[in-house]
Amino acid sequence: MIVAIYPGSFDPITNGHLDIIDRARRIFDHLIVAVLQNPNKVPLFSAEERKRMIEEAVADFPNVEVEVFDGLLVHFARSRGCRVILRGLRAISDYEYETQIALTNRKMAPEIETVFLPTSTEYSYLNSTVVKEIARFGGCVRGLVPPGVERRLREKFSSVSR
Ligand code: PNS
């Protein structure tokens, strides 16, 4: 049984992330989407909000669960019996950063392999920062994020000053 972990900030989850999750759940027996609670960053959504939005988006995927973690990813992965860390690659420009993370993690936990999945071309330009920027200034994010995220972004930016 291969358990994979898909870590990230997911602030918020996009359809690009969801595409990776949907493809990975067909490859691995069990997939844990791990939401980073990062004390060095002030996210738009709390870790619990981010977790809830992902849970709604993956409700029909029986072998996918969502957890919040802090500290080192490899410690969390080990505690859940994960043998694979999954990351999506959008463009070649992601490769350098992702390789650095993968090699650092392998140094700390050689028994855990990092696997890269290329993002589908229709989402290769998409990231959470772009989505927040569009929503902040009143643009339409339909088709870029799951419907629950679209609604929460609207709520968030109608209640805070831009
Ligand atoms: O979505 P992101 O922000 O690109 O995800 C980055 C993430 C969560 C994969 C990375 O920051 C991470 O694993 N952080 C946890 C701390 C850690 O393990 N650091 C050592 C490897 S860089």
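User: How far is an oxygen atom of the ligand from an N or O atom in the Arg87 side chain?
Analyst: This is a predicted model, with local features needing pLDDT of at least 70 and side-chain atom pairs pLDDT 80 or more, while totals for chains, interfaces and linings use all residues. Residues count from 1 along each chain as its sequence is written, and side-chain values use heavy atoms, leaving out hydrogens and water. The Arg87 pair is a polar contact (N or O atoms within 3.5 Å), and its separation is 3.0 Å.

User: And which residue puts a polar side-chain atom 2.6 Å from a ligand oxygen?
Analyst: Leu73 also makes a contact, but with a polar backbone atom, at 2.8 Å from a ligand oxygen. The side-chain atom at 2.6 Å belongs to Ser9.

User: How much of the ligand's exposed area does the protein bury?
Analyst: Taken alone, the ligand exposes 540 Å² (Shrake-Rupley, 1.4 Å probe). The share of that buried by the protein is 75%.

User: How many residues of the shell around the ligand are charged?
Analyst: The ligand's surroundings (a heavy atom within 4 Å) are Pro7, Gly8, Ser9, Leu36, Gly71, Leu72, Leu73, Arg87 and Asn105. With Gly counted as polar, that shell holds 4 nonpolar and 4 polar residues, and the charged count is 1.

User: Which helix holds Leu73, one of the UniProt "binding site" residues?
Analyst: The unreviewed UniProt entry lists Ser9, Lys41, Leu73 and Arg87 under that label, and such annotations may be inferred rather than shown by experiment. Helices here are DSSP H or I runs of at least four residues, and strands are E runs of at least two, numbered from the N terminus. Leu73 falls within residues 73–79, which is helix 3.

User: Which residue pair is joined by a cis peptide bond?
Analyst: Look in the loop between strand 1 (3–8) and helix 1 (15–24), where Pro12 is found. The bond leading to Pro12 has omega near 5°. That cis bond runs from Asp11 to Pro12.

User: What is the phi of Phe10?
Analyst: Phe10 is also placed in the loop between strand 1 and helix 1. Phe10 isn't a glycine, yet its phi is positive, at about 50°.

Methods: A polar contact is a pair of N or O atoms within 3.5 Å; within protein, one must be able to donate a hydrogen and the other to accept it, and residues adjacent in sequence count only if both atoms are side-chain atoms.
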